[in-house]
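Trainee: I'm new to this one. Could you take me through a single part of it up close, and show me how it sits among its neighbours?

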Amino acid sequence: MADKKRRTMSRSEIPNFVAEMIAAHCDITAVGHGMYVIGDVDAGERAMKDAQRIGEKYGARDPLKLEIVSYLWSIGRYIELASESTRH
């Protein structure tokens with residue numbers, strides 16, 4: 001059986017992707033300036049399934065990681081790392 005090639009999310013889809021994650025109660029947050037996380041320790045099975053469904057809808061996001069992080073910072077969904085705030 002041949003593997004289906006997974007689509008790659010486009011830059012223009014970032015706001016919708018983030019909005020859908022938030023609406024599904026899947027906490028999406030930038031951590032520092034280089035990564036983001038999706039999920040919550042207490043989110044439950046429903047939120048995990050929603051996150052998976054949304055992730056499949058939008059496809060591969062790795063090439064847009066820094067753009068997603070930047071967008072999350074722009075809307076106030078970030079955790080600033082102490083080591084980053086003290087960089088020179």
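Mentor: Let's start with Pro15, which lies in helix 1. Keep in mind that this is a predicted model. Pro15 is partly exposed, with a relative accessible area of 33%. Now look across to Ile68: the two are 53 residues apart in sequence, yet their C-alpha atoms are 8.5 Å apart in space.

That takes us to helix 3, which covers residues 65-74. Which of its residues are buried? They are Ile68, Val69, Leu72 and Trp73. These four cover an arc of only 140 degrees around the axis, so they sit on the same side of helix 3. There's a handy rule behind this sort of pattern: an α-helix has 3.6 residues a turn, so residues three or four places apart point the same way.

And what do the buried residues of helix 3 pack against? Their partners are helix 1 (14-23), strand 1 (28-31), strand 2 (35-38) and strand 3 (78-79). Just after helix 3 comes Gly76, with a positive phi of about 80 degrees.

For a view from strand 1, pick Thr29, which is found there. Thr29 is buried, with a relative accessible area of 11%; that counts as buried because the cut-off is under 20%. Leaving aside residues up to four places away in sequence, Thr29 touches Met35, Tyr36, Val37, Leu72, Arg77, Tyr78 and Ile79. Leu72 is one of the buried residues of helix 3 we met above. The side chain of Thr29 also makes a polar contact with the side chain of Asp27, at 3.4 Å.

Terms used. Residues are numbered from 1 along each chain as its sequence is written. This is a predicted model: local features need pLDDT of at least 70, side-chain atom pairs count only at pLDDT 80 or more; totals for chains, interfaces and linings use all residues. Side-chain values use heavy atoms; hydrogens and water are left out. Buried means under 20% relative accessible area, exposed over 50%, partly exposed in between (1.4 Å probe, protein chains only). Helices (H or I, at least four residues) and strands (E, at least two) are DSSP runs, numbered from the N terminus. The arc is that of the directions from the helix axis to the C-beta atoms. Contact means heavy atoms within 4.5 Å. A polar contact is a pair of N or O atoms within 3.5 Å; within protein, one must be able to donate a hydrogen and the other to accept it, and residues adjacent in sequence count only if both atoms are side-chain atoms.
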